[in-house]
Protein chains: 2
Amino acid sequence: MAIWQHGGMPSSKNTQFAVAVHVLTYLAGQVERGPVSSDELSASTNVNPVHVRRVLGPLREAGLVCSRPGVHGGWELATPAEEITLARVWRLLQGADPVLGLHGPNPDCPVGRGVQRSLAAIDGAVAEAVAAELERSTVQDILAREVQGACSVPGQA
Amino acid sequence: MAIWQHGGMPSSKNTQFAVAVHVLTYLAGQVERGPVSSDELSASTNVNPVHVRRVLGPLREAGLVCSRPGVHGGWELATPAEEITLARVWRLLQGADPVLGLHGPNPDCPVGRGVQRSLAAIDGAVAEAVAAELERSTVQDILAREVQGACSVPGQA
DNA sequence: CCTAACTGTAGCTGTTGTGATTACGAATCA
DNA sequence: TGATTCGTAATCACAACAGCTACAGTTAGG
């Protein structure tokens with residue numbers, strides 16, 4: 001028994017963060033070349049071009065990248081790679097979604113409410129811890145780990 | 001490791017952690033009463049009894065709780081509440097699942113491989129940071145925040 | 001025994017989130 | 001004008017989570 005509608009709580013399987021980091025690193029390595037099309041980024045990340053643009057949307061609004069339509073359009077880094085921390089990217093894409101999963105408690109149960117409140121507070125602390133850890137890496141750091149040259153997708157250079 | 005076909009990588013969709021913490025706290029408050037049925041736990045957590053048992057499975061294997069079938073069966077805490085850190089619970093339920101989402105990169109792209117490796121390392125560090133944060137709270141701590149008495153589901157006490 | 005009350009698990013279903021795909025409009029440059 | 005590329009909406013397929021039912025295995029009590 002217990003047919004209460006169960007609390008739908010978001011927090012999901014974001015591949016978006018990984019895709020974003022990948023794209024930013026790619027762009028950081030192609031700064032000299034000018035705009036890069038989402039088609040090329042799509043080939044590098046192995047995801048759909050539309051998905052690339054969707055992921056890059058929030059990053060553009062935050063000023064990390066910029067895009068231009070048209071014949072020689074595409075995407076460019078709008079912030080130096082060494083100033084883009086992974087924490088910033090993560091916060092942009094994760095939003096306010098809980099890191100740990102919370103669940104809709106039974107309003108009739110005092111334990112439910114108490115646990116819920118405690119858990120929400122702890123989730124916040126965890127989110128801060130994650131951000132703090134991600135603050136330690138920048139896109140530049142990741143790019144620096146990449147090998148030297150030959151960083152293009154075959155058939156696009 | 002790392003099946004590159006397309007993203008099937010887990011992240012945090014688990015309500016299980018929250019349910020587990022809830023149940024453990026409930027059990028910690030009912031230690032004197034003897035075994036608690038998963039039906040009662042189900043009413044408190046507002047999830048299905050079967051789901052409760054599924055979540056509690058790993059915790060029992062780890063020795064945190066124990067269960068007995070039969071007429072007066074149910075679940076009991078098998079470890080003092082002050083020794084159960086949330087980190088332990090989290091690690092049991094999270095397993096080796098990545099905290100941030102990784103994605104299947106393009107094997108033909110050197111950037112892909114590099115980013116992938118970096119991201120995996122960072123994910124490990126983040127997981128440690130999360131665990132460290134969760135190490136600071138125990139089930140006893142959460143129970144202590146609960147109010148005094150009247151911690152049963154109406155109709156069950 | 002036999003029944004009732006539990007756990008333990010398998011199987012199916014409904015819902016939801018994610019990403020692929022297509023399509024179309026807007027902007028830019030030759 | 002026409003080709004290229006972004007921006008976005010709409011739709012589809014797939015997988016994960018959880019709800020639910022059903023049934024087998026255990027235990028207590030008559």
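**Contacts with DNA strand D and between the two protein chains**

Of the atoms of DNA strand D that lie within 4 Å of the protein, 67% belong to sugar or phosphate, and the rest belong to bases. This description rests on a predicted model, and the values given here are computed from it.

The surface near DNA strand D is made up of 9 nonpolar, 13 polar and 7 charged residues. Among the 29 residues around this strand, those that come nearest are Ser38(A), Arg60(A), Ser67(A) and Gly70(A), together with Thr15(B) from the other chain. In terms of secondary structure, at least two residues of this surface are supplied by each of helix H3 (49-61), strand E1 (65-68) and strand E2 (74-77) of chain A, and likewise by helix H3 (49-61) of chain B. The largest share, 4 residues, comes from H3(A).

Several polar contacts can be described individually. An N or O atom in the side chain of Ser67(A) is placed 2.9 Å from a phosphate oxygen of DNA strand D, whereas Gly70(A) uses a polar backbone atom, which is 2.8 Å from a sugar or linking oxygen of the strand. Chain B takes part as well, since an N or O atom in the side chain of Asn14(B) is found 3.3 Å from a phosphate oxygen of DNA strand D.

The two protein chains also meet each other, with 54 residues of chain A in contact with 53 residues of chain B. The area buried between chain A and chain B is about 4,400 Å², and carbon and sulfur atoms give 66% of this area. Of the area that chain A buries against chain B, 13% is supplied by His22(A), His103(A) and Val111(A), which is more than any other three residues supply.

One position in chain B gives a local view of how the chains touch. Ser118(B) is located in helix H5 (residues 110-134) of chain B, and, when residues up to four places away in sequence are not counted, Ser118(B) touches Ile142(A) and Arg145(A). Ser118(B) has a relative accessible area of 7%, which is under 20%, and therefore counts as buried.

Finally, the arrangement of the two chains can be considered as a whole. Two copies of a chain are related by a rotation about an axis and a shift along it. Here, a turn of 180° with a shift of 0.0 Å along the axis lays chain A on chain B with an RMSD of 0.1 Å, which means that the relation is that of a two-fold axis. The same surface serves both copies, in that 96% of the contact residues of chain A recur in chain B.

Notes:
Residues numbered from 1 in each chain as written. Chains lettered and ligands numbered in written order. Predicted model: local features only at pLDDT ≥ 70, side-chain atom pairs only at ≥ 80, totals over all residues. Heavy atoms only, no water. Least-squares fit on C-alpha atoms with pLDDT ≥ 70 in both. Contact = heavy atoms within 4.5 Å. Buried < 20%, exposed > 50% of the residue type's maximum accessible area, 1.4 Å probe, protein only. Near = heavy atom within 4 Å. Polar contact = N/O pair within 3.5 Å; in protein donor to acceptor, adjacent residues only side chain to side chain. Nonpolar A, V, L, I, M, F, W, Y, C, P; charged D, E, K, R; others polar. Buried area = accessible area lost by both parts, 1.4 Å probe.
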